[in-house]
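Work through the exercises below with the sequence and the model at hand. Try each task before reading the solution that follows.

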Amino acid sequence: MSSSKSFRKEEIAGKTVIDSSGRNTGKVKDLTFTLDGKITLIVEKNDGSEETIPLNRVLGVSDNVVVKEQIVPAMPVASPGMVICKSCGREAPIGTLWCPSCGKSLA
Ligand SMILES: [Zn+2]
């Protein structure tokens, strides 16, 4: 199958959106594009909210639209003997009561 296949909006709209681990994410509601050529899918999620998915996250279109899962940034891991401030993400030695960077409580 060629990657240069083009799709009409009508072929995409209404399709179920599945992420790469097979979860049903929602349904394509609409497409938007910008003048510099970026296409974004408007997905109506199962809870009724809307999500925009840039076309570069779309892995394929068949009966469903398969999208790459959004990479959720991993929680930072503190170095040994350090804690991570929940407010600013900086490290401070364990036992420090107040973040030296932002002044918030580390307790
Ligand atoms: Zn802080």
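**Exercise 1.** Find the residue that stands opposite V65 in strand 6, and then describe how strand 5 and strand 6 are joined.

*Solution.* Begin with the bridge itself: the residue opposite V65 in strand 6 is V61. The strands named here are DSSP runs of E with at least two residues, numbered from the N terminus, while helices are runs of H or I with at least four residues. Next, strand 5, which covers residues 58-61, pairs with strand 6 in the antiparallel sense over 3 bridges, where two strands count as paired if DSSP finds at least two bridges between them. A further position to locate is G60, which stands opposite V66 in strand 6. Finally, the two strands form a hairpin, with 2 residues between strand 5 and strand 6.

Before going on, note that this is a predicted model, in which local features need pLDDT of at least 70 and side-chain atom pairs count only at pLDDT 80 or more, while totals for chains, interfaces and linings use all residues. Residues are numbered from 1 along each chain as its sequence is written.

**Exercise 2.** Sort the residues of strand 6 by face, covered or uncovered.

*Solution.* Start from the general pattern: in a regular strand the side chains alternate between the two faces of the sheet. Strand 6 spans residues 64-67, and its covered face holds V65 and V67, whereas N64 and V66 belong to the uncovered one.

**Exercise 3.** Follow strand 1 to its partners, and then give the order of the strands in the open sheet.

*Solution.* Strands of a sheet pair through backbone hydrogen bonds, either parallel or antiparallel. Strand 1 (residues 16-19) pairs with strand 6 in the parallel sense over 4 bridges, and D19 stands opposite V67 in strand 6. Strand 1 also pairs with strand 2 (residues 24-33), here in the antiparallel sense over 3 bridges, with N24 in strand 2 as the bridge partner of I18. Put together, the open sheet has 6 strands in the order 4-3-2-1-6-5, with mixed pairing. Its edge strands, each pairing on one side only, are strand 4 (50-54) and strand 5. From one strand to the next, the twist averages 35°, the angles being taken between the N-to-C directions of lines fitted to C-alpha atoms, on a scale from 0 to 180 degrees.

**Exercise 4.** Decide why A92 counts as partly exposed, and list what A92 touches.

*Solution.* A92 lies in strand 8, residues 91-93. A residue is buried if 20 or more other C-beta atoms, placed from the backbone, lie within 10 Å of its own, exposed if 12 or fewer do, and partly exposed in between. Because A92 has 18 C-beta neighbours inside 10 Å, A92 counts as partly exposed. Leaving out residues up to four places away in sequence, A92 touches M82, V83, C85, C99, P100 and L106, a contact meaning C-beta atoms within 7 Å.

**Exercise 5.** Describe the chain as a whole, and say why it is more spread out than a compact globule.

*Solution.* The chain has 1 helix and 8 strands. Its radius of gyration is 21 Å, well over the 13 Å that the globule rule gives for 107 residues, so the chain is more spread out than a compact globule; the radius is taken over C-alpha atoms, and the rule is 2.2 Å times the number of residues to the power 0.38. An automatic or database assignment gives domain 1 (9-67) and domain 2 (73-107), whose C-alpha centres lie 38 Å apart.

Methods
Contact = placed C-beta atoms within 7 Å.
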